[in-house]
Every structure is written in C-alpha cells, then in structure tokens.
Amino acid sequence: MATRHWLFKSEPEVFSFDDLWKAKGRTTSWDGVRNYQARNLLRDEIKKGDLVLYYHSNADPQVVVGVCEVVKEGHPDLTQFDPKSDHYDPDAEEGNPRWYVVDIKARDRLERPVSLPELKVAKGLDGLMLTKKGSRLSVQPVSPEHFARILEIAQEKPKK
DNA sequence: GCCAACGTTGGC
DNA sequence: GCCAACGTTGGC
C-alpha cells in the first residue's frame, strides 16, 4: 500500500517537536487523543511507514516544524487506564480499549518552520484541512501533493 | 482572554 | 431521537 500522509497537532507547551527530538529513540506514543474521528484514524488507518507533519498549535506562531515516521501502528493508549493520568478515562474498560495511539519517530526538521498564515496564502494548498475554518481535528489526513508542497515551501525563502 | 466552531452529554 | 447545555479546541 502506498505511503500515506498525515498531520498531527501538538501544543508545544505540552509536547513540542524539540521534546520529541530529545526523547528516547526520537520516538513517542501519540497518546491523549480523545476524539473519535481521530481515534479511528489512529486505530485503523495510519500505518507503519506513513509520514506525519508535526504541527504546533496554540503557539505563537503556529507552525509546521518537522516530519515524523510512523514506527508502530495502532495499539491501546494506556493512559486511559491510569487514574493518575490527565488522559484517564473512567469509562474505558480493560480489555476493551476505547482510545488508541500510534508511535512516531522524528525524522527531519524542516529547513524552517512554515507558519499557518503562509499555508493559508500558499499556492497549491487548496483544500488542506488544517486551513479550513473550524477544523479542530488533531490528527488529519494530508494528500501526497499537499505534503510535498509544504516541504517545498519550507525550502523557499520566508515571505514577509 | 475572548469566542466561534464543533463535539459530547443528558434530559425528555 | 432531538436538542439545549456544556466542554474543548485553537485561532485571533
């Protein structure tokens, strides 16, 4: 199957691309997703070898900063069973997990971060979910064309 | 800090 | 099953 492409949002205050870069093996489990649409993608759609754009939301500025690779496909998010976790879900049953993660490994830092305003005005990114109004999904599909275009923009000089 | 957009919950 | 109330996300 062809490699597919995704975009994951993270608040850098919580877990930045630098944090991932410094993590053991530059790898982390993408835990804490508590939205069913995103869960379905993590559990069913996102495959080993897929590529992920790492996006900093709720940041100043909001930027795409790096590329990661999926190194482990959907498996249960253990934080749902941990009462001490912020992501604890009292309704999740052992043996019948409700929430899933994939593991991602940081692969490349972009030449430069590409900001949300740039993505909005860039040519060739029509229909990108990230720039749609009201699009809050924290795990989003990205078309191969859009993915390539964003990497290309990162190679270009920043526009003021 | 505000608030629009959207998702979830729960009463009926 | 409807929908109002509430909670969260995330841009501004």
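A residue counts as buried when its relative accessible area is under 20%. F17, in this predicted model, has a relative accessible area of 1%, so F17 is buried. Y54 goes further down the scale: at 0% relative accessibility, Y54 is buried too. These two residues make a handy way into the aromatic part of the structure.

The rings of F17 and Y54 are paired, with centres 5.2 Å apart and planes at 65 degrees, so the arrangement is edge-to-face. The pair links distant parts of the chain, since F17 belongs to helix α2 (residues 17–22) while Y54 belongs to strand β3 (residues 51–56), and 37 residues separate them. The count of aromatic pairs comes to 5. Another of these pairs joins F8 and W30, and here the geometry is tilted, at 5.2 Å centre to centre and 40 degrees between the planes. Again the pair links distant parts of the chain: F8 sits in strand β1 (residues 5–10), W30 in the loop between β2 (27–29) and α3 (36–45), and the two are 22 residues apart. Both F8 and W30 are buried. Put together, ring pairs tie F8, F17, W21, W30 and Y54 into a cluster.

W21, a member of that cluster, also has charged company. The charged end of R26 sits over the ring of W21, 3.8 Å from the ring centre. R109 lies over the face of W21 as well, at 5.1 Å from the ring centre.

Elsewhere, H75 is found in strand β4 (residues 63–76). With a relative accessible area of 16%, H75 falls under the 20% cut-off and is therefore buried. Leaving aside residues up to four places away in sequence, H75 touches S29, Y100, V101, V102 and D103.

Now to the DNA. Strand B has Y36, K133, G134 and R136 around it. Sorted by class, this surface has 1 nonpolar, 1 polar and 2 charged residues. Of the strand B atoms within 4 Å of the protein, 71% belong to sugar or phosphate, with bases making up the rest. Both kinds of contact turn up among the side chains. For K133, a polar side-chain atom lies 2.8 Å from a phosphate oxygen of DNA strand B. R136 instead reaches a base: an N or O atom in the R136 side chain is 2.7 Å from a base oxygen of DNA strand B.

DNA strand C is surrounded by K9, Y55, N58, Q62, L116, K120 and R136. R136 is thus listed around strand B and around strand C. The surface near DNA strand C divides into 2 nonpolar, 2 polar and 3 charged residues. Sugar or phosphate accounts for 64% of the strand C atoms within 4 Å of the protein, and the rest belong to bases. Several side chains approach the phosphates of this strand. An N or O atom in the side chain of K9 is 3.0 Å from a phosphate oxygen of DNA strand C. Y55 places a polar side-chain atom 2.9 Å from a phosphate oxygen of DNA strand C, and for Q62 the corresponding distance to a phosphate oxygen is 3.5 Å.

Definitions and conventions
Residues are numbered from 1 along each chain as its sequence is written. Chains are lettered from A and ligands numbered from 1 in the order in which they are written. This is a predicted model: local features need pLDDT of at least 70, side-chain atom pairs count only at pLDDT 80 or more; totals for chains, interfaces and linings use all residues. Side-chain values use heavy atoms; hydrogens and water are left out. A residue is near a molecule or strand if one of its heavy atoms lies within 4 Å of it. A polar contact is a pair of N or O atoms within 3.5 Å; within protein, one must be able to donate a hydrogen and the other to accept it, and residues adjacent in sequence count only if both atoms are side-chain atoms. Ala, Val, Leu, Ile, Met, Phe, Trp, Tyr, Cys and Pro count as nonpolar, Asp, Glu, Lys and Arg as charged, and the others, Gly among them, as polar. Helices (H or I, at least four residues) and strands (E, at least two) are DSSP runs, numbered from the N terminus. Buried means under 20% relative accessible area, exposed over 50%, partly exposed in between (1.4 Å probe, protein chains only). Contact means heavy atoms within 4.5 Å. Rings of Phe, Tyr and Trp (its six-membered ring) pair if their centres lie within 6.5 Å; planes under 30 degrees apart count as stacked, over 60 as edge-to-face and the rest as tilted. A charge sits over a ring if NZ of Lys or CZ of Arg is within 6 Å of the ring centre and within 35 degrees of the ring normal.
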